[in-house]
Amino acid sequence: MSLTTEQFAERVFASALGSIEMYSIYIGDRLGYYRVLAGRAVTASQLATATKTDERYAREWLEQQSASGILDVDLSGADPVFTLPIAHRPVLTEATDSNYLAPMTRMLTAAGGQLPDLLEAYRSGGGVPWDRYGPDMRESQADMNRPFFQNELADVFGRLGRVHELLSKPDALAADVGCGAGWSTIHLARAYPNATLNGFDIDAVAIEMARRNAEAEGVADRVTFSSDNIAEHPVDAHCDVVLAFECIHDMPRPVRVLRAMRSMLRDDGICVVMDEAVGESFAGPSDDVERLMYGFSLLVCLPDGRSSRPSVATGTVMRPSVLRGYALDAGFSDCAPIAEAGFFRFYELTP
């Protein structure tokens with residue numbers, strides 16, 4: 001049922017307030033305000049000193065955060081004292097918590113910075129390449145997915161039968177295509193100590209991040225990363241399992257990549273793709289997950305996918321039938337969903 005004019009105006013007004021909060025959270029995240037507040041209550045002067053920022057701006061930000069209910073404030077003393085509620089800390093400061101959402105503000109802010117280029121892309125049919133979105137986008141992508149990979153990925157794979165068996169065997173070999181900053185590769189290595197994993201991503205900056213992350217997490221002896229484009233330079237790997245986590249929908253030529261992934265498998269190997277858990281078909285008004293995925297598609301994934309030609313222009317909202325079509329064109333005999341977890345759906349591609 002459609003909203004009345006007044007109801008829709010209220011919705012747009014609420015969205016404006018949400019946008020303001022998003023940008024304010026971005027400021028607090030990037031300037032380190034929340035990290036200070038997670039440790040202690042502070043005045044504006046104390047926050048400015050701790051973060052080497054301007055006190056007047058710090059005070060305005062603190063008051064706005066309190067007015068919005070993000071921070072608590074004690075007004076009993078000479079200067080207001082602000083605190084970050086314990087319940088809010090996982091969302092804003094704890095990078096491995098499943099509720100951590102501060103990176104989402106970085107992604108949307110980075111996309112907002114490209115609005116002039118996005119408008120031109122919409123007019124011309126061109127695109128906006130990933131690199132143009134800058135460090136905020138690259139880091140937010142890694143940080144948004146890290147909690148899922150760290151906290152839930154092993155449980156999902158533990159229920160995948162043959163995939164779990166292949167990764168558990170002695171000297172198992174797996175490839176992670178489109179690995180980004182490496183968190184999927186790293187946490188699979190943790191879950192499967194007998195396995196050796198090779199991560200691939202054409203973003204050389206992300207690959208350097210992945211190598212540093214693997215060293216810090218103590219798995220660099222079993223995990224390697226490469227910026228080789230496997231579609232252009234096929235890898236003779238003979239893998240037990242080849243994986244692609246939340247990246248196929250971004251690719252301008254996914255069939256070529258899937259064909260290369262298939263060629264990397266042993267005769268009895270398995271290919272697994274994880275992508276967004278969107279509906280089977282477009283149905284008009286949708287749930288919040290689908291609305292969010294369309295938002296990512298409008299601002300990031302579709303423009304990125306169209307920045308290289310030729311492009312199939314998939315976008316974030318990749319329906320199961322679309323992926324199945326790509327898989328069949330790449331030489332797989334079937335592609336079927338095998339699990340869902342949170343925002344994600346897992347598919348097995350049968351050679």
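In the predicted model, a network of salt bridges links R162, E165, K169, D240, R266 and D268. The total number of salt bridges is 21.

Two further salt bridges share R138. In one, the side chain of R138 meets that of D131, with an N to O distance of 3.1 Å. In the other, R138 is joined to D203, and the closest N and O atoms are 2.8 Å apart. The pair of D203 and R138 links distant parts of the chain, 65 residues apart: R138 belongs to helix α8 (residues 135-151), whereas D203 is in the loop between β4 (195-200) and α12 (204-217). The relative accessibility of R138 is 12%, so this residue counts as buried. D203 is also buried, with a relative accessible area of 11%. D131, in contrast, has a relative accessibility of 57% and therefore counts as exposed.

A salt bridge within a single helix is formed by D288 and R291, whose closest N and O atoms are 3.4 Å apart. Both residues lie in helix α14 (residues 288-305); because they are three residues apart, about one helical turn separates them. D288 counts as exposed at 58% relative accessibility, and R291 as partly exposed at 48%.

Aromatic pairs number eight. In the pair formed by F157 and F245, the ring centres are 6.2 Å apart and the planes stand at 45 degrees, so the arrangement is tilted. F157 is located in helix α9 (residues 153-158) and F245 in strand β6 (residues 239-245); the pair therefore ties together parts that are 88 residues apart in sequence. Both F157 and F245 are buried. Ring pairs also join F157 and F245 with F148, F149, F344 and F346 in a cluster.

Several of these phenylalanines recur in the largest nonpolar core, which has 38 residues; F148, F157, F245 and F346 are the members that touch the most others. When residues up to four places away in sequence are not counted, F148 touches L153, V156, M274, A341, F344 and F346. Another core, of 30 residues, lies apart from this one and includes A175, V255, M261 and Y347.

On the surface, L3, F8 and V12 make a nonpolar patch of about 270 Å². One of these residues, V12, is located in helix α1 (residues 5-30). The relative accessible area of V12 is 43%, so V12 is classed as partly exposed.

Terms used: Residues are numbered from 1 along each chain as its sequence is written. This is a predicted model: local features need pLDDT of at least 70, side-chain atom pairs count only at pLDDT 80 or more; totals for chains, interfaces and linings use all residues. Side-chain values use heavy atoms; hydrogens and water are left out. A nonpolar core is a set of buried Ala, Val, Leu, Ile, Met, Phe, Trp, Tyr and Cys residues joined through side-chain atoms within 4.5 Å. Buried means under 20% relative accessible area, exposed over 50%, partly exposed in between (1.4 Å probe, protein chains only). Contact means heavy atoms within 4.5 Å. Patches are made of residues with over 30% relative accessible area and no salt bridge: like charges are joined within 9 Å, nonpolar side chains (Val, Leu, Ile, Met, Phe, Trp, Tyr) within 5 Å. Accessible areas come from the Shrake-Rupley method with a 1.4 Å probe; for residues, only the protein chains shown count as cover. A salt bridge is a side-chain nitrogen of Lys or Arg within 4 Å of a carboxyl oxygen of Asp or Glu. Helices (H or I, at least four residues) and strands (E, at least two) are DSSP runs, numbered from the N terminus. Rings of Phe, Tyr and Trp (its six-membered ring) pair if their centres lie within 6.5 Å; planes under 30 degrees apart count as stacked, over 60 as edge-to-face and the rest as tilted.
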